[in-house]
Amino acid sequence: MQTYLLSQQFNAGSSAENSTACPANATICNGASCVLPEDNFNATLSVVLSTVLTIMLALVMFSMGCNVELKKFWGHIKRPWGIFVGFLCQFGIMPLTAFLLSLIFNVLPIQAVVVLIMGCCPGGTASNVLAYWVDGDMDLSISMTTCSTLLAMGMMPLCLFIYTKMWTDSSAIVLPYDSIGISLVALVIPVSFGIYVNHKWPSKAKIILKIGSIVGAILIVLIAVVGGILYKGSWNISPKLWIIGTIFPAAGYSLGFFLARIAGLSWHRCRTVSLETGMQNSQLCSTIVQLSFTPEQLELMFTFPLLYSIFQLLFALLLLGGYRLYRRHRVKTKTDVEKTEETEDSKSVSSHAKVNGGFVSN
């Protein structure tokens with residue numbers, strides 16, 4: 001039940017009937033105070049949209065699987081150096097970065113905990129779509145997302161136990177293992193079908209991949225917009241959380257890239273590890289904080305997961321735009337160099353022919 005206090009200033013000539021008027025669906029009326037039934041519209045809308053987005057996301061992951069070759073995917077599992085580097089980034093760099101940012105900015109204990117929860121979450125599936133657009137290693141991207149989601153069952157409790165000691169008891173944080181399991185199933189099953197389609201019908205898989213990559217890009221933006229519309233919390237949060245929400249994803253992308261490069265991975269795999277590191281599962285973080293904290297506590301920190309998801313998307317789009325510009329410039333430069341070399345070669349052949357009395361073929 002929700003109580004609404006309807007306080008209005010009436011003129012002297014207003015009738016007593018108007019001064020005690022209540023909405024027709026009120027269950028209790030006492031003067032200007034009315035008790036109304038709870039409005040479940042937002043809750044119903046949230047469930048419907050979540051279901052639709054989950055189905056769309058499964059279709060997108062199916063299309064991403066159409067770009068995965070079974071031999072290469074199995075090669076990453078058999079020789080998991082790239083996966084191991086991603087594991088160090090996901091459950092080593094990100095929780096440590098969250099811990100250091102919380103200390104540096106000296107946020108409230110409850111706010112430090114939500115930053116740490118975000119840092120301990122596994123990679124999000126949006127990273128797979130973005131890895132495709134930056135010409136990353138899709139086999140590595142999907143294997144990393146799968147492994148990080150699976151390992152989150154054990155690594156999240158361990159990381160939270162290590163890093164949250166100085167702010168709260170880690171046992172007070174409720175981990176939704178069912179949500180983690182659902183995320184894993186929603187990732188593995190569609191991708192498996194996509195791999196099968198790519199193995200059986202490669203030409204059809206390419207068409208599905210092109211469509212799915214475009215739908216996936218639209219879906220990432222749509223999820224961010226829907227999250228903002230359905231969000232019930234207050235945006236009046238500490239400026240320190242705004243700063244952390246800006247720095248954190250950028251630090252994840254940068255540190256993931258540099259660690260992958262130090263580990264000797266190729267450039268396209270460095271881009272993949274970078275996206276997998278900075279792109280966190282913010283929906284899982286929101287679920288955890290809702291299950292673990294009271295409404296009064298949520299007012300101080302529930303905005304942070306949405307804040308992080310907005311900035312992680314913004315920085316990812318900037319990285320994508322920068323890479324596309326670099327690629328276009330590089331291809332154009334290489335083409336110009338090749339044309340110059342061909343012209344010089346033809347001139348040298350022509351002059352050689354004139355000197356030796358030969359001819360130049362068309």
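**Exercises on a predicted helical chain**

Asp135 sits in the loop that joins α6 (126-133) to α7. Helices are DSSP runs of H or I with at least four residues, strands are runs of E with at least two, and both are numbered from the N terminus. The model is predicted: local features need pLDDT of at least 70, side-chain atom pairs count only at pLDDT 80 or more, and totals for chains, interfaces and linings use all residues. Residues are numbered from 1 along each chain as its sequence is written, and side-chain values use heavy atoms, with hydrogens and water left out.

**Exercise 1. Describe the backbone and exposure of Asp135 and Asn106.**

Step 1. Take the background: most residues other than glycine have a negative phi.

Step 2. Asp135 has a positive phi, near 60°. Its relative accessible area is 28%, so Asp135 is partly exposed. The classes are buried under 20% relative accessible area, exposed over 50% and partly exposed in between, with a 1.4 Å probe and protein chains only.

Step 3. Asn106 belongs to the loop between α4 and α5 (109-120). Phi of Asn106 is positive too, near 50°. With 59% relative accessible area, Asn106 is exposed.

**Exercise 2. Sort the residues of α3 by side, and find what the buried ones pack against.**

Step 1. Helix α3 covers residues 70-78, and Phe73, Gly75 and His76 are buried there.

Step 2. Why do they share a side of α3? They cover an arc of only 155° around the axis, which places them on the same side of α3. The arc is taken from the directions running from the helix axis to the C-beta atoms.

Step 3. Lys71, Trp74 and Lys78 are exposed on the other side of α3.

Step 4. The buried residues of α3 pack against α4, α7 and α11 (267-278). Contact means heavy atoms within 4.5 Å.

**Exercise 3. Place Ser274 and list its contacts.**

Step 1. Ser274 is part of helix α11.

Step 2. Is Ser274 buried or exposed? Its relative accessibility is 5%, so Ser274 counts as buried.

Step 3. Set aside neighbours within four places in sequence. Ser274 then contacts Gly252, Tyr253, Gly256 and Phe257.

**Exercise 4. Characterise the largest cavity.**

Step 1. How many cavities of 30 Å³ or more does the structure hold? There is 1. A cavity is a set of points, on a 1 Å grid over the protein atoms alone, where a 1.4 Å probe fits but cannot get out; lining residues have an atom within 4 Å of a point.

Step 2. The largest cavity holds about 90 Å³. Grid points are joined across faces, edges and corners, and the volume is the space filled by probe spheres set on the points.

Step 3. Its lining includes Ile83, Phe87, Met144, Leu151 and Glu276. α4 (81-105) and α7 (138-163) each supply at least two lining residues. α4 gives the most, with 5 residues.

Step 4. By class, the lining has 6 nonpolar, 3 polar and 1 charged. Ala, Val, Leu, Ile, Met, Phe, Trp, Tyr, Cys and Pro count as nonpolar; Asp, Glu, Lys and Arg count as charged; the others, Gly among them, count as polar.

**Exercise 5. Relate Gly322 to the whole chain.**

Step 1. Gly322 lies in helix α14 (residues 303-356). Gly322 is partly exposed, because its relative accessibility is 38%.

Step 2. Gly322 and Val134 are 188 residues apart in sequence, yet 9.7 Å apart in space, C-alpha to C-alpha.

Step 3. Now take the chain: 14 helices and 3 strands. Of its 362 residues, 40% are buried.

Terms used:
1 Å grid on protein atoms, 1.4 Å probe; cavity = no way out; pocket = protein on both sides within 12 Å on 5 of 7 lines; lining within 4 Å.
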